[in-house]
Amino acid sequence: MITYGHEKFIDQAINGVLMQVTDFEIELIIANDCSPDNTDKVVSKIIKNHPKGYLIKYTKHKSNLGMMRNFVWALEQCKAKYIAICDGDDYWTDHCKLQKQVNFLEANDDYVIHSGNARILSNDTNNDSLILNFNKDSVFEIDDFYKNNNVITCTVLFRNQHFIFPNFFDKIAFGDWFLYIILMNNAKKKVYRTNEVLSVYRIHSGGVMSNLNLEKNYLAHIYQIKSIQKYIGNKYYSKEIEQKLNHYYLEIFLLRCYQANYKKAILILFENLKSCFKSFPVKSYLSFLKIFILKKISI
């Protein structure tokens with residue numbers, strides 16, 4: 001459990017772990033990245049007063065490491081056979097989450113990750129909607145993760161293994177997604193995702209994803225896909241990945257045009273051309289420019 005500025009939420013996150021009913025021992029590792037709020041006091045109080053507080057191994061860093069470095073540091077502290085992840089602003093809802101997942105991986109050696117579904121809690125309002133809309137359990141290979149993440153991190157449990165992170169890991173925005181690539185690549189095993197709801201994913205103004213504007217979000221996804229490609233060592237993008245990249249590039253181009261940032265719009269167009277030369281969406285760009293120019297003339 002990594003945390004930063006989760007004073008209002010971490011009590012619920014911790015209790016979701018401590019309520020687990022298992023026939024094996026668990027340890028909760030909490031890495032506080034020098035939060036400027038009262039997260040430290042909340043955690044310390046739980047350790048002191050909760051009957052299972054002794055299960056918590058808590059560290060508050062003296063200086064801010066940054067999210068990815070804190071994430072890696074926390075993973076390196078895990079010595080058990082299995083690791084589960086829950087950020088300090090999410091929480092588990094199923095008392096038997098860990099037991100069910102360990103049982104599955106113990107019985108199915110060809111899988112490295114087990115995950116499930118989660119409900120959305122947006123600004124403390126539960127609209128009872130699920131993050132993923134699917135009606136059956138799913139199985140994924142590593143190729144399925146090249147262009148998007150297929151699991152919800154607060155539901156994930158995976159086999160512990162020796163992690164070697166690439167030197168560009170600090171620069172990526174989605175460390176959990178990249179971790180799954182590393183796990184599948186190392187183990188040569190699959191991912192199982194059950195339709196069962198195991199957790200709650202919280203959306204709030206202080207969340208990492210909430211602080212990414214639309215353009216930054218698209219740029220982060222482009223960098224993520226390219227970083228995965230680099231890590232895996234594939235020389236060429238598949239048709240599906242190029243379609244995904246073209247979508248992100250075009251959306252950034254549109255945003256920059258509407259912001260009258262034409263120089264940067266041209267730069268992203270050329271980057272798109274360079275990255276996806278064979279599938280470059282010429283018609284989409286020309287169609288937009290035609291409409292955009294006509295609107296400018298009419299104004």
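Select strand β6 (residues 111-122) together with β10, and you will find the two paired in the parallel sense over 10 bridges; strands here are DSSP runs of E of at least two residues, helices are runs of H or I of at least four, both numbered from the N terminus, and two strands count as paired if DSSP finds at least two bridges between them. This is a predicted model, in which local features need pLDDT of at least 70 and side-chain atom pairs count only at pLDDT 80 or more, while totals for chains, interfaces and linings use all residues. Residues are numbered from 1 along each chain as its sequence is written, and side-chain values use heavy atoms, with hydrogens and water left out.

Within the β6 and β10 pair, pick out Leu 121, which stands opposite Arg 202 in β10.

Keep β10 (residues 190-203) on screen and add strand β5 (residues 91-92), which pairs with β10 in the antiparallel sense over 2 bridges; here Trp 92 has Ser 199 of β10 as its bridge partner. Next add strand β8 (residues 138-140), joined to β10 by 3 bridges in an antiparallel run, where Ser 138 has Arg 193 in β10 as its bridge partner.

Now move to the N-terminal part of the numbering, where 3 strands form an open sheet in the order β1-β2-β3 with parallel pairing. The edge strands, each pairing on one side only, are β1 (2-3) and β3 (56-60). Select helix α2 (residues 39-49), which packs on this sheet and touches β1, β2 and β3, its direction making about 155° with that of β3; contact means heavy atoms within 4.5 Å, and the axes are lines fitted to C-alpha atoms, for helices over the stretch in contact, with angles from 0 to 180 degrees between N-to-C directions. Inside the sheet, strand β2 (residues 28-32) is joined to β3 by 5 parallel bridges, and Ala 31 has Thr 59 in β3 as its bridge partner.

Finally, show the whole protein, whose secondary structure comes to 9 helices and 10 strands, and whose C-alpha trace spans about 70 × 40 × 40 Å along its principal axes. Of its 299 residues, 47% are buried, that is, under 20% relative accessible area with a 1.4 Å probe and protein chains only. Among contacts with a separation of 6 or more, 78% come from residues 24 or more positions apart.

Notes:
Buried < 20%, exposed > 50% of the residue type's maximum accessible area, 1.4 Å probe, protein only.
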